[in-house]
Structure formats: structure tokens, C-alpha cells
Amino acid sequence: MKPNSSSTQLVVVRRAASTTGLLFVLLLVAFTACNYSSLISIDRLLDAASPHVKTTSSASACDVTRGEWVPDPSAPYYTNATCPFIDGRQDCIKYGKPELDSILRWRWKPHGCDLPRFDPASFLRLVRHRSMAFVGDSVARNHMQSLMCLLSNVEHPQEVQPKDCIHCTRSYHYREHNFTVTVFWTPFLFMDPHNVYLDEADPEWANSIAGYDYVVLNGAKWFTRPVVLHEGGRVLGCSDCGDPNATYVPPHVAVRAAFRTALRALRDAPGFRGRVVVRTVAPPHYENGKWYDGGNCLRTRPIRSDEAALPETEAAFHAAQVEEFRRAAAAASVDDETGRFVLMDVSEMMQMRGDGHPGQYGHWPHEKVGFGIDCVHWCLPGPIDAWGELLLHLLTN
């Protein structure tokens, strides 16, 4: 019997539809696989290029330098009874800073992710057989002492060639981990604190830096003091020197030149291939006057990020530092050394902590000291301990 023509056409159509559907599915699978592979490649490229930390709950990027201070009942990491490396002028526990218990019980929480707590054992494993230099002013020393206190739960260092001085180079060695930490006191990043040669790095640190694996660079607050600035073998001008006939050089211009010179010296130093961490300015918090005419810092709790605009001077310093960091990082990337220069931006987070300075509680009331009211340096323990968390994060990421 001859098949019905309409039935034959229906079978052909069904077979064609089935074949077309199969082809469509195969094409869809191939297209999806190709694009999925491309997406993975793009994600990997973005991950490699991003300086941010990823949250554990999502793939979105997080900037660890933007966030809030949140209550932390477990803080602080140490006290003046457990750490012997606290500079007496920052020992706010000893001198009875009011409401210190509530001032200390905060930790830094970035928006959208978490910054891990400082793990001294992990840090010391990371820096085993290595060395770290803090190059800058007295806040650099403040930072180094904070780090040593954070590490004191695991190991205490011995000072290398002990010195009875404040404004000088000092080194400490962790024998069990063969780790050395040094502070080079160089407030302008140059040799002479009264005549600053903006194109000549201080040989005190520049001639010794080749032996270090990490350098933490800072400096800004001294540039608001009277100083004569030199560049190219001639007097460029001065900053706040009181001479009406002298060419005025804004402090942030000098800061930019200083960081450009220091970063160039680090990039070109013979034998130095270490990692450089550029720490931005940590703002002082004098209110109702300056350090020399009655200004004080009497706050007892952090402010929020939406209240934390940097003052004009510190904002200009911050912009200059970030600009020179980017210049140095770009030059390093051209030389195939991406990641050699790292930015540690603490300016906004520290602008929120006007409560964390010693104020008049860095000495006894009857004592005469240089900083009678200190709203520049940071209590130990105190908000500056969060810098250890940031430093560990930067060096491991």
C-alpha cells in the first residue's frame, strides 16, 4: 500500500524539526562554553589587576581603606603591661587618658567585606629571613612600635646596638624568625631638617636601603614648618619662613617633590629589589587652636565616614602622595615589576579617629615636654594598630 502523501510530509517535517532542534542545542552549548571560558578569562584578568580584597560571600570587589570603625569588645590586642616597646609619650593607659576603655574598643571594618584580624604568627612566618625599614618621621616610629607590640604575643626582639636617642635610626632583631625591623628617622625624607634639598634623598637611609626586603615610606607633617627649599643647586623658595621677600612654596608642592625624589631613589637604588609601601598622611586633630596655642583633641569616640572630610592641608598632602605613588607604580610596571610599589591609604580611616591621640596624656601634668598636647601621634594601644592589619593584608595580597 502506498503511503499517504500528507503523512509522509509530516514525518519529514518532524525529522527536519528534530534535526534543527539538535543543531540548535549543540550550537547553544558550544556558544555557552565559549563565552563561559571567555568570562572566566576576563574574571581572572580582573582579579589579577584589582588591588582590592574579595569578600567571602560574593565576588564583588572591596576597598579595605574605605569603611567604618565598629565596636569591638575584644580589643585591644595588647596593653602597656604586655608590650615593653611603647614610647612613654604614647602610653595613654599609664597617664590615665579619660574614657580610654571605650576609645580602644573599636576595629576597622571595610565596606562590604572584612579585614582579617592581625595574626602575629602569620606575619612573622611571612617575614622570616627578611627585613623591613620604616622611613619617615616620628609617626613612622609610632607605626613600628605598634607593629612590635602586635608581634609581642609571639616574640620579643632585641635591639641591635642599643641607643639612648629618639630622633635616630634604631633596629631590632627577631632571632627566632631572623627578621629585622628598622626605623630611619628622616622627617623630610632628606638630611637637613632646615634646608631641604628636594632632589637629594637623605643618605642616612638611601645608602642603607639595599639590604631591606620591605620599605614603609611616609612623611608630611614637617613640611608645614618653616624651611628653606633647594632644588637643582639653587634656592627654590621657602615654606612658612616668615620672609616677605622669599618665594613662597606651598607645603604640598614640597611634599610632592620629596616623594618623587624618595621613590625614585628607591626605584634606582643599586641592589634594592624590595617592595615599597607608601603610607599616606595620618591627619592630626587639633581643635580650637594649634599645637602651640591651646589646641587640643578631646573627642572620646570615632566619627563616621560621611563626617570625615580631610582638612585642606592634609587633603593636598594626600593628593600629592597618591600622585607620586601612581607615577612610581606606573614606571615599575613598565619595567615588569608590577606590585613592587603598594599604596597604604590610611588618611580617611584616621581622620575618623580624633579620639586616638594622647592629647595631654603622654606625660604627667607637672612635666615639661616638647609636645605638651599631642594630637599628632597615636596612643599605644590605639587606632594605629589597624595599620598592622592593613600591612599584613597588603603584603599577603
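# Working through the cysteines and a helix pair

Cys297 has a relative accessibility of 2%, so this residue counts as buried. The model used here is a predicted one. Let's work outward from that cysteine.

**Exercise 1. Find the partner of Cys297, and work out where the two residues sit along the chain.**

Step 1: Look at the sulfur atoms. Cys297 is joined to Cys375 by a disulfide, with an S to S distance of 2.2 Å. The cut-off is 2.5 Å, so this pair makes the grade.

Step 2: Place each end. Cys297 is in the loop between strand 13 (275-279) and helix 7, while Cys375 is in the loop between helix 8 and helix 9. The pair links distant parts of the chain, 78 residues apart.

Step 3: Check the handedness and the burial. The link of Cys297 and Cys375 has -90 degrees about the S-S bond and is left-handed. Cys375 has a relative accessible area of 0%, so that end is buried, and Cys297, at 2%, is buried as well.

**Exercise 2. Decide which parts of the chain the disulfide of Cys92 and Cys379 ties together.**

Step 1: Confirm the bond. The sulfur atoms of Cys92 and Cys379 are 2.0 Å apart, and the two form a disulfide.

Step 2: Locate the ends. Cys92 belongs to the loop between strand 3 and helix 2, and Cys379 to the loop between helix 8 (347-351) and helix 9 (386-396), so parts 287 residues apart in sequence are tied together.

Step 3: Add the details. This link is left-handed, with -85 degrees about the S-S bond. Cys92 is buried at a relative accessible area of 1%, and Cys379 counts as buried at 1% relative accessibility.

**Exercise 3. Work out the handedness of the Cys83 and Cys149 disulfide, and say whether its ends are buried or exposed.**

Step 1: Start with the distance. Cys83 and Cys149 form a disulfide with their sulfur atoms 2.0 Å apart.

Step 2: Read the torsion. About the S-S bond it is about -75 degrees, so the disulfide is left-handed.

Step 3: Map the ends. Cys83 is in the loop between strand 3 (67-71) and helix 2 (100-104), and Cys149 is in helix 4 (residues 138-151); the pair links distant parts of the chain, 66 residues apart.

Step 4: Compare with the 20% cut-off for burial. Cys83 is at 4% relative accessibility, so it is buried. Cys149 is at 0%, so it is buried too.

Step 5: Take the tally. The chain's count comes to 4 disulfides; the pair of Cys83 and Cys149 is one of them.

**Exercise 4. Describe how helix 6 packs on helix 7.**

Step 1: Get the geometry. Helix 6 (residues 251-268) and helix 7 (residues 312-334) pack at an angle of about 25 degrees, and their axes are 9 Å apart. That makes the two helices roughly parallel, since the cut-off is under 35 degrees. Their crossing is right-handed.

Step 2: List who meets whom. On the helix 6 side, the residues include Val255, Phe259 and Leu263. On the helix 7 side, they include Ala316, Phe317 and Phe325.

Step 3: Sort by class. The contact has 10 nonpolar, 2 polar and 6 charged residues.

**Exercise 5. Put these pieces into the context of the chain.**

Step 1: Count the elements. The chain has 9 helices and 14 strands.

Step 2: Look at burial and contacts. Of the 397 residues, 46% are buried. Among contacts with a separation of 6 or more, 75% are between residues 24 or more positions apart.

Methods
Residues numbered from 1 in each chain as written. Predicted model: local features only at pLDDT ≥ 70, side-chain atom pairs only at ≥ 80, totals over all residues. Heavy atoms only, no water. Axes fitted to C-alpha atoms, helices over the stretch in contact; angles between N-to-C directions. Helix = DSSP H or I, 4+ residues; strand = E, 2+ residues; numbered from the N terminus. Parallel < 35°, antiparallel > 145°, perpendicular 65-115°, else oblique. Left-handed = near helix turned anticlockwise from the far one by under 90°. Contact = heavy atoms within 4.5 Å. Nonpolar A, V, L, I, M, F, W, Y, C, P; charged D, E, K, R; others polar. Buried < 20%, exposed > 50% of the residue type's maximum accessible area, 1.4 Å probe, protein only.
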